[in-house]
Amino acid sequence: LDKVREAIVNGYFRPGDRLVERDLCAQLGVSRTVVREVLRHLESEGLVANLPNKGPIVALLDIEEAKQIYEIRGALEGMAARLCAERGSPEIVAALEESLTAIRNSYRDQDMAAVLAHTSSFYQTLFTRVDRHVAWGVVNLLTVRINHLRSMTIKTEGRGTEGPLQMSKIIDAIRRGDGEGAQRAAMDHVAAASAIAEAVLSAQKPAE
């Protein structure tokens, strides 16, 4: 399950690609029963779609659904950033800076899986250091779909520079204790990612 999910999120299997059970059995070294169970689970996560007369494919991400995911992200991450700024904790700033350094290094090394992992760590700090575990739980429910979108946006030209720069503005506002500025910076970052995702999804074509 983890291997197939990672292959979809990281773009090895692209939206619209057919997921042939026989091929997956050979690649993963498991039975067809296991492969079918994995595909059913990924369908429940929104990563796989089962089409009549075609079978399972990597789901084509829906633009309207993506917009709603980014709306939720913007609201929750903006709230968390504001609370971090109001908390005034140097430890929060240090933890966020550590994640951001790791994100920049991962972009430099072209390690997109690590970019995703350290980005998730950045946001986990943003929520959990101000005891917003319920909000983080909501974000976690969307993590697979969020990372599927991130896996596309982080690969676009200039994102390796612009994304970390936007995240550094969130940290700077938190360091200053500027709650409104931190909230605005977090929401601006999400809005920029949303615009990129919309452009990528608009050009998305199913595989033949």
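## Close-up views of a predicted model

**Figure 1. The largest cavity has a lining of mixed class.** By class, nine nonpolar, four polar and three charged residues make up the lining of the largest cavity. The model shown here, and in the other views, is predicted. The largest cavity has a volume of about 140 Å³. Its lining counts 16 residues. Nearest the centre of the largest cavity lie Thr 119, Arg 150, Ile 154, Arg 159 and His 189. Six helices each give two or more residues to this lining: H4 (63-87), H5, H6, H8, H9 (159-176) and H10 (179-202). The largest share comes from H9, with four residues.

**Figure 2. The second largest cavity holds about 30 Å³ of space.** How many cavities of 30 Å³ or more are there? The count comes to two. The second largest cavity is lined by Leu 61, Asp 62, Glu 65, Ala 66, Ile 69, Arg 145 and Leu 149. Helices H4 and H8 are the elements that give two or more residues to this lining. H4 supplies the largest share, three residues. By class, the lining of the second largest cavity divides into four nonpolar and three charged residues, with no polar ones.

**Figure 3. The second largest pocket is lined by residues from H1, H6 and H8, among others.** The volume of the second largest pocket is about 170 Å³. Its lining consists of Asp 2, Arg 5, Glu 6, Val 9, Asn 10, Ala 113, Leu 116, Thr 143, Val 144 and Asn 147. Three helices each give two or more residues: H1 (2-9), H6 (112-128) and H8. Which helix gives the most to this lining? H1 does, with four residues. By class, the lining of the second largest pocket has four nonpolar, three polar and three charged residues.

**Figure 4. Asn 147 is a buried residue of helix H8.** Asn 147 sits in H8 and is one of the residues that line the second largest pocket. Is Asn 147 buried or exposed? Its relative accessibility is 13%, so Asn 147 counts as buried, the cut-off being under 20%. Leaving aside residues up to four places away in sequence, Asn 147 touches Val 9, Leu 116 and Ser 120. Of these neighbours, Val 9 and Leu 116 also line the second largest pocket. Val 93 makes a reference point: Asn 147 and Val 93 are 54 residues apart in sequence. In space, their C-alpha atoms are 24 Å apart.

**Figure 5. Ser 99 is buried in helix H5.** Ser 99 belongs to H5. Its relative accessible area is 7%, and therefore Ser 99 falls under the 20% cut-off for buried residues. Which residues does Ser 99 touch, not counting those up to four places away in sequence? The contacts are His 118, Ser 121 and Phe 122.

**Figure 6. Helix H2 has a buried face.** H2 spans residues 21-28. Glu 21, Leu 24 and Cys 25 are its buried residues. Seen down the axis of H2, the buried residues fall within an arc of 105°, so they line one face of the helix. An α-helix has 3.6 residues a turn, so residues three or four places apart point the same way. The buried residues of H2 pack against helix H3 (32-44). Arg 22, Ala 26 and Gln 27 are exposed on the other side of H2. Just after H2, Gly 29 takes a positive phi of about 70°.

**Figure 7. Helix H7 also shows a buried face.** H7 runs over residues 133-141. Ala 135, Trp 136 and Val 139 are buried in H7. Viewed down the axis of H7, these buried residues fall within an arc of 100°, so they line one face. What covers them? The cover includes H4, H6 and H8. On the other side of H7, Val 134 and Leu 141 are exposed.

**Figure 8. Confidence varies along the chain.** The chain averages a pLDDT of 89. A score of at least 70 is reached by 98% of the residues. Where is confidence lowest, and where is it highest? It is lowest in helix H8 (residues 143-153), with a mean of 74. It is highest in helix H5 (residues 90-108), at 96. H8 is the helix that holds Asn 147, while H5 holds Ser 99.

Notes. Residues are numbered from 1 along each chain as its sequence is written. This is a predicted model: local features need pLDDT of at least 70, side-chain atom pairs count only at pLDDT 80 or more; totals for chains, interfaces and linings use all residues. Side-chain values use heavy atoms; hydrogens and water are left out. Buried means under 20% relative accessible area, exposed over 50%, partly exposed in between (1.4 Å probe, protein chains only). The arc is that of the directions from the helix axis to the C-beta atoms. Contact means heavy atoms within 4.5 Å. pLDDT is the predictor's confidence in each residue, from 0 to 100. On a 1 Å grid over the protein atoms alone, a cavity is a set of points where a 1.4 Å probe fits but cannot get out, and a pocket is an open set with protein on both sides within 12 Å along at least five of seven lines; lining residues have an atom within 4 Å of a point. Grid points are joined across faces, edges and corners, and a volume is the space filled by probe spheres set on the points. Ala, Val, Leu, Ile, Met, Phe, Trp, Tyr, Cys and Pro count as nonpolar, Asp, Glu, Lys and Arg as charged, and the others, Gly among them, as polar.
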